[in-house]
Amino acid sequence: MNIELSKLVRQNIQRLTPYSCARDEFKGRAARVFLDANENPYNSTLNRYPDPLQEELKAELAKVKGIPAEYTFLGNGSDEAIDLVYRIFCEPRVDNVVAIAPTYGMYEVCAEINDVEYRPVLLDEGFQLNTEKLLAACDDHTKVVWICSPNNPTGNCMSRQEVTKVLDNFHGIVVIDEAYSDFTQVRPFRYDLPHYPNLIVLNTFSKAWASAAIRLGMAFASPEIIALFNKVKYPYNVNQLTQQRAMEMLRSIPKVNQWLGVICTERNNVVPSIADLPFCKKVYPTDANFFLAEVTDADAVYHYLVDRGIIVRNRNRVVLCGNCLRITIGTPQENCELLAALRQYKG
């Protein structure tokens, strides 16, 4: 697809002169005495500003994700990348974005913060997107389409055929959030980046990598889009401790794969057990580390579990999710505790 990226980028961003980090100015040169950034010379390892472009971490990540470092942006959680999409491409009070519904709530929150119109398009009864309906919601001021797959809170992957239709027919930015892609065997869309210059794929260390506390998100896109992200982001957006912890995780792949195996096995055991409960009306198919269950009274079941110290997510007030609970797969012990409590529920 022939996309003129310059026509999608806000004019003030095109003109922006980015902040120049002290570390950028001597890049590529050997240095051993650092008197340029007003740092305290003591408390070695923590006294220096971190690498603003996280080059060592990106090089290691490229080996794992199969995506070159120049196609990679790292941020303070995926939420930073989501916000940057609005700040780079969407003119406040002029442009709009289109998203599937229900889906991850931060797309809409960031739209509101950036004063950009947000247009949700309902999924069908099987929580699949309809490309024709989605494209019909777009107009000349639609800059971004948001697709979460596997989707949160529904848990299912979007039809690859339908998503590909969006990529082939929409001439703005398409963001595919693959935060939960490690829990499914479906081929990630990040491998299709060379074919779609308007595609951005999100990943995170919070889910499969069990590192939500370090707040590290990934965005994969063309080098031109990554350059825009780096132009607009805050100078030292990923701290040194986060970078170090992420490097440790990337060197612990056997352990991570073991966790993934246990979670998927537990998912296969827990889902049918929940479906067998007398007050459970339906458990929707899932490709994630959570599932959506429709029960007779979601509010009552939710508060019953809270009283027993078990916290799930009540999605009863989310569009298309009436009387639904979103339940994360925990450890085998946690899952047993959940099932034991639910089997005693008398509502």
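A residue counts as buried when its relative accessible area is under 20%. With that cut-off in hand, welcome to a short tour of this predicted model. Strand E6, residues 199-204, is a good place to start, since six of its six residues are buried. The chain around E6 has twelve helices and eleven strands.

**The chain as a whole**

- The chain has 347 residues and a radius of gyration of 22 Å, which agrees with the value near 20 Å for a compact globule.
- Along its principal axes, the C-alpha trace spans about 70 × 50 × 30 Å.
- Buried residues make up 52% of the 347 residues.
- Of the contacts with a separation of 6 or more, 70% are between residues 24 or more positions apart.
- The accessible surface comes to about 16800 Å², and carbon and sulfur atoms contribute 50% of that surface.
- On the charge side, there are 37 positive and 41 negative side chains, and the centres of the two sets lie 3 Å apart.

**Strand E6 and its neighbours**

- In a regular strand, side chains alternate between the two faces of the sheet.
- Both faces of E6 are covered: Leu199, Val201 and Asn203 are buried on one side, and Ile200, Leu202 and Thr204 are buried on the other.
- Strand E5, residues 173-177, runs parallel to E6, and four bridges join the two.
- Strand E7, residues 216-220, is also joined to E6 by four bridges, but here the strands run antiparallel.
- Leu202 is a handy landmark in E6: Asp177 stands opposite Leu202, and in E7 the bridge partner of Leu202 is Ala219.

**A four-strand sheet**

- Further along the chain, you can look for an open sheet of four strands in the order E8-E9-E11-E10, with antiparallel pairing.
- The edge strands of that sheet are E8 (280-283) and E10 (313-314), each of which pairs on one side only.
- Strand E9, residues 290-295, and strand E11, residues 324-328, pair in the antiparallel sense over five bridges.
- To find this pairing in the structure, start from Ala293, whose bridge partner in E11 is Leu325.

**Backbone features to check**

- Most residues other than glycine have a negative phi, and most peptide bonds are trans.
- The peptide bond from Ala101 to Pro102 is cis, with omega near 0°.
- Pro102 sits in the loop between strand E2 (96-101) and helix H5 (106-113).
- Another cis peptide bond joins Ser149 and Pro150, with omega about -5°.
- You will find Pro150 in the loop between strand E4 (142-148) and helix H7 (160-169).
- Asn43 is not a glycine, yet its phi is positive, near 65°.
- Asn43 lies in the loop between helix H2 (22-25) and helix H3 (55-65), and its relative accessibility of 54% is why Asn43 counts as exposed.
- Thr45 has a positive phi too, near 85°, and is likewise a residue other than glycine.
- The loop between H2 and H3 also holds Thr45, which counts as exposed because its relative accessibility is 55% and the cut-off for exposed is over 50%.

Methods: Residues numbered from 1 in each chain as written. Predicted model: local features only at pLDDT ≥ 70, side-chain atom pairs only at ≥ 80, totals over all residues. Heavy atoms only, no water. Rg over C-alpha atoms; globule rule 2.2 N^0.38 Å. Buried < 20%, exposed > 50% of the residue type's maximum accessible area, 1.4 Å probe, protein only. Contact = heavy atoms within 4.5 Å. Areas by Shrake-Rupley, 256 points an atom, 1.4 Å probe, with all protein chains shown as cover. Lys, Arg positive; Asp, Glu negative; His and termini not counted. Charge placed at Lys NZ, Arg CZ, Asp CG, Glu CD. Pairing = 2+ DSSP bridges.
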